[in-house]
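User: I am a first-year student and would like a close look at one part of this model. Please take one strand and follow what surrounds it, step by step.

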Amino acid sequence: MESNEYPTEMQRLVDRIAPAWPPVLDVSPGWYPLLAQLDTRLSAIAPGYVLQQCKSKFGSLSFYASPSDDPSECNEEFNETIRAAEWESIETCEECGADGAQYVIHLWVSTLCPEHHDARIAAVDGDPE
């Protein structure tokens, strides 16, 4: 997705991405509310925080950010806030944001609600549901 195609609340995150990184949030829309809430919390802790990368990895949110543009700065509350959101992601459907669980579908780990799990299985198996 092009950086200018994101909803407003996600564009704020894209605007925080460090210049050396591509302006991409590599997650599905079901996690957008989780990311918007994370951005609000991190902004309160470190208003000038910098995002390096945001992606789904093994069915979990991977959010790489620093409290400032100084890579040596460490803020434990900042880091704990990110870890809490990453843990929350493993129970949140990537597609719709409903309660979900992690599934392995053809060696790919995804966090999905039952409806999106069934749809993904059908799509992968070629069933035109």
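Analyst: Strand 3 is a mostly covered element, with 6 of its 7 residues buried. The model is a predicted one, and strand 3 covers residues 60-66 in it.

The partner strand comes next. Strand 3 pairs with strand 2 through 7 bridges, and the two run in the antiparallel sense. One of the facing positions puts Leu61 of strand 3 opposite Ser56.

Ser56 itself belongs to strand 2. Its relative accessible area is 26%, so Ser56 is partly exposed, since buried would need a value under 20%. Setting aside residues up to four places away in sequence, Ser56 touches Asp26, Val27, Trp31 and Glu94. Pro7 lies 49 residues from Ser56 along the chain, and the C-alpha atoms of these two are separated by 18 Å.

The connection between the two strands is a hairpin, with 2 residues between strand 2 and strand 3. Phe58 is in this loop. The phi of Phe58 is near 55°, which is a positive value in a residue other than glycine. Why is that worth a remark? Most residues other than glycine have a negative phi. Is Phe58 buried or exposed? Phe58 counts as exposed, because its relative accessibility is 63% and the cut-off for exposed is over 50%.

A second hairpin can be set beside this one. Strand 4, residues 101-105, and strand 5, residues 108-112, run antiparallel and are joined by 5 bridges. Within this pair, Val104 stands opposite Val109. The hairpin of strand 4 and strand 5 has 2 residues between the strands, and His106 is in the turn. For His106 the phi is near 50°, again a positive value in a residue other than glycine. His106 has a relative accessible area of 58% and is therefore exposed.

Back to strand 3 and the core. The largest nonpolar core has 24 residues, and Leu25, Leu35, Leu61 and Phe63 touch the most other members. Helix 1 (8-16), helix 2 (32-45), strand 2 (50-57), strand 3 (60-66) and helix 3 (76-89) each supply at least two residues of this core. The largest share, 6 residues, comes from helix 2. Leu61 thus appears twice in this account: it is among the core residues that touch the most other members, and it stands opposite the partly exposed Ser56.

Leu25 shows how one of these core residues is surrounded. Without counting neighbours within four places in sequence, Leu25 is in contact with Tyr6, Met10, Leu13, Val14, Ile17, Leu51 and Cys54.

Two of the helices that supply the core also contact each other. The axes of helix 2 and helix 3 come within 10 Å and cross at roughly 170°. An angle over 145 degrees counts as roughly antiparallel, and helix 2 and helix 3 are therefore roughly antiparallel to each other. On the helix 2 side the contact is made by Leu34, Gln37, Leu38, Arg41, Leu42 and Ile45. On the helix 3 side the residues are Glu77, Phe78, Thr81, Ile82, Ala85, Glu88 and Ser89.

What lies between strand 3 and helix 3 is a loop, and Glu73 is found there. At 35% relative accessibility, Glu73 counts as partly exposed. Leaving aside neighbours within four places in sequence, Glu73 is in contact with Pro67 and Ser68. Arg16 is 57 residues from Glu73 along the chain, with 17 Å separating their C-alpha atoms.

Last, the cysteines. How many disulfides does the structure hold? The count is 0. For Cys96, the nearest cysteine sulfur is that of Cys93, 3.7 Å away, and Cys96 is in no disulfide because the sulfur atoms would have to be within 2.5 Å. Cys96 is partly exposed, with a relative accessible area of 41%. Cys74 is exposed, at 59%.

To put the part together: strand 3 is mostly covered, pairs with strand 2 in the antiparallel sense, and supplies at least two residues of the largest nonpolar core. The hairpin with strand 2 contains Phe58, which has a positive phi and is exposed.

Definitions and conventions:
Residues are numbered from 1 along each chain as its sequence is written. This is a predicted model: local features need pLDDT of at least 70, side-chain atom pairs count only at pLDDT 80 or more; totals for chains, interfaces and linings use all residues. Side-chain values use heavy atoms; hydrogens and water are left out. A nonpolar core is a set of buried Ala, Val, Leu, Ile, Met, Phe, Trp, Tyr and Cys residues joined through side-chain atoms within 4.5 Å. Buried means under 20% relative accessible area, exposed over 50%, partly exposed in between (1.4 Å probe, protein chains only). Helices (H or I, at least four residues) and strands (E, at least two) are DSSP runs, numbered from the N terminus. Contact means heavy atoms within 4.5 Å. Two strands pair if DSSP finds at least two bridges between them. Axes are lines fitted to C-alpha atoms, for helices over the stretch in contact, and angles run from 0 to 180 degrees between N-to-C directions. Angles under 35 degrees count as roughly parallel, over 145 as roughly antiparallel, 65 to 115 as roughly perpendicular and the rest as oblique.
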